[in-house]
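This report introduces a protein chain with a ligand to a reader who has not met the structure before. Please look at the sequence and the model first.

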Amino acid sequence: MGRAIILMMDSFGVGAAADAEKFGDVGANTLGSIARACAAGEAEKGRTGPLTLPNLERKGLGLLAEGSTGQRPAGLDYSGPISARYGYARELSSGKDTPSGHWEMAGVPVLFEWDYFTAKENSFPADFLDELQARTGVSGFLGNCHASGTEILVTLGDEHIRTGKPIVYTSADSVFQIAAHEEHFGLTRLLDLCQAARELLDERQMNVGRVIARPFLGETPDTFKRTGNRRDLAVPPPGKTVLKQLQEVGGEVISIGKIADIYAHDGITQAIKATGNEALFEATMEAVKSAPDRSIIFPNFVDFDSYYGHRRDVSGYAAALEVFDAMLPRLEAILQPGDRVFITADHGCDPTWPGTDHTREHVPVICFGPDLEGGNIGERGTFADIGQSIAAHLDLPPLSYGKSFL
Ligand SMILES: O=P(O)(O)O[C@H]1O[C@H](CO)[C@@H](O)[C@H]1O
Ligand SMILES: [Mn+2]
Ligand SMILES: [Mn+2]
C-alpha cells in the first residue's frame, strides 16, 4: 500500500481562479508573477536570473501552470518526459484562507461563510475587546485594525513593550491575531490570552476561523522579529477529513509544522515542530524514513506564505522555491514502492499583488511515486481530489467530496 506524503507549499498559487473577481484577484498569479520578475532581472536579492526549478518542472510544474493560465511561466520551458501526474485544482470553499484550503484538500470544503472583521480600523467589536480585557486582566489593546503582522511590530512594538498592552489585528482572512513580546509580556501569558479569545469568540458564536498567537523578540523596531512559537487556535474542520479516516483505522497521521494546529489536532496522531522550510524538510525526511506503511506525512512549508508572500518579497519567494526544488531529489531517493508524494498549495499569495493578503488562485496538483506512471490530470474541480486520491490509495472509505486521480 505505501504512505501518502503531502508537501503543502503554503500560498503557491498557479494563476487566478475563475471566481477571482469576487476577491478582487483577477490576474493574480503567484508562480507566474515570480517567474516573470525573475526573467526580467527584477528578483536579484540573494539570488539571480530566471527562476530555476528543474525538479518541479520534471514533475509537470510548467505544463500545469500553462493549463491553469494559458501561458507558460517565464523560463519554465522544460519539454522532456514528465515523471508525475500533474494538473491544477479550483477551490470550492468560500474563502481563500489557510484552513479552508487545507480542509478542502483533505476532503472537507468550507461551504459556509466565515465571520470576517471587515472594518480597516476599529476592526473588533468594542464589547468583545472589553470582555476579553475583563477576563484576562490585560490593561488594554493596541492596534485593533487590519495590518501586516511585521509592519505593525515596527509601528507599535515599542509602545507594546512600554505599556504591556498586546497588539490585536486582522486581515482579509477570518482571524483574530495577537502579537506580544515573548519576554516582556511572556509567551505563556500570550498563549493564555489567545485561549481566552478563542473561548470568548466561540461563546459568542462568532464564526472566526483562527485566533493566532504572534510572539516576537527584539528590543527596537529594526530588530523586532517574530519567533517560531506562533500558535494557531483553529475551529475543528466541519466534517471528517481523510486524516481522521486514517486515524480511525489505526494509521499514523504525522503533522510537521503548523498542520496539527490548522486541523485543530483533529485526526493527527503525531505532531512534529520545526521552524523554517529547510528544517521542515529535514523533519519530513526523518518521518519518511521511519513512518510505517499506511501513514500520512504532512508538512506545511509556511515560509513561502509568511516570509515572502505576505511580505511581497519576490526575490525571497523565488529563492525559497529554488531551495525547495533542490531538496526534492533527496526525498525521492528514499521513497519506497507504493509511496505517493503529493505537492500542492492552499491558496495563492502573489508577492507582486497590491496589499498583503492571499490571492484566489488555482493550486498545483502533482503526484508521484516510484511505481506511478506520469500523465496530465488536467483541471480538478476541487482540492478534495487530493484527499479522495489519498483515501483510494490508503484503502479508506470514500470521502464525500472529490474524485480520485489514482
Ligand atoms: O501579516 P501576518 O501577521 O503574517 O498575517 C498573515 O497570516 C495570517 C494567517 O495566515 C493571515 O491573516 C495574514 O494576514
Ligand atoms: Mn496558507
Ligand atoms: Mn497566509
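The sections below treat the domains, the ligand shell, the annotated positions and the nonpolar cores.

This is a predicted model, in which local features need pLDDT of at least 70, side-chain atom pairs count only at pLDDT 80 or more, and totals for chains, interfaces and linings use all residues. Residues are numbered from 1 along each chain as its sequence is written, while chains are lettered from A and ligands numbered from 1 in the order in which they are written.

**Domains**

The protein chain is assigned domain 1 (4-111 + 238-393) and domain 2 (126-234), with bounds from an automatic or database domain assignment. The C-alpha centres of domain 1 and domain 2 are 28 Å apart. To their contact, domain 1 gives 13 residues and domain 2 gives 12 residues; two residues are in contact if their C-beta atoms, placed from the backbone, lie within 7 Å. On the side of domain 1 that touches domain 2 there are 3 nonpolar, 5 polar and 5 charged residues. In this classification Ala, Val, Leu, Ile, Met, Phe, Trp, Tyr, Cys and Pro are nonpolar, Asp, Glu, Lys and Arg are charged, and the others, Gly among them, are polar.

**The shell around ligand 1**

The residues around ligand 1 include Thr98, Ser148, Asp173, Arg214, His310 and Thr356, a residue being near a molecule if its C-beta atom, placed from the backbone, lies within 6 Å of it. Strand S5 (175-181) and strand S6 (210-217) are the elements that give two or more residues to this shell; strands (E, at least two residues) and helices (H or I, at least four) are DSSP runs, numbered from the N terminus. By class, the shell around ligand 1 has 2 nonpolar, 8 polar and 2 charged residues. Domain 1 and domain 2 each supply at least three residues to the shell.

**Annotated positions and Tyr308**

An unreviewed UniProt entry places the feature "binding site" at Asp305, His310 and His358; such positions are given in the numbering used here, feature names are shortened, and annotations may be inferred rather than shown by experiment. These positions are spread over 54 residues of sequence, yet they cluster in space, with a largest C-alpha distance of 8.5 Å.

The table lists His310, His358 and Tyr308 with their places and C-beta neighbours. A residue is buried if 20 or more other C-beta atoms lie within 10 Å of its own, exposed if 12 or fewer, and partly exposed in between.

| Residue | Place | C-beta neighbours within 10 Å |
|---|---|---|
| His310 | loop between helix H11 (303-309) and helix H12 (314-333) | 20, buried |
| His358 | loop between strand S12 (340-344) and strand S13 (363-368) | 30, buried |
| Tyr308 | helix H11 | 24, buried |

Leaving aside neighbours within four places in sequence, His310 is in contact with Ser148, Asp305, Cys349 and Thr356. On the same basis, the contacts of His358 include Lys96, Asp97, His347 and Cys349, and those of Tyr308 include Asp313, Tyr317 and Pro351.

**Nonpolar cores**

A nonpolar core is a set of buried Ala, Val, Leu, Ile, Met, Phe, Trp, Tyr and Cys residues joined through C-beta atoms within 7 Å. The largest such core has 110 residues, of which Leu7, Ile34, Ile178, Ile296 and Phe342 touch the most other members. This core draws at least three residues from each of domain 1 and domain 2. Apart from the largest core lies another, of 6 residues, among them Ala17, Ala20, Phe23 and Ala28.
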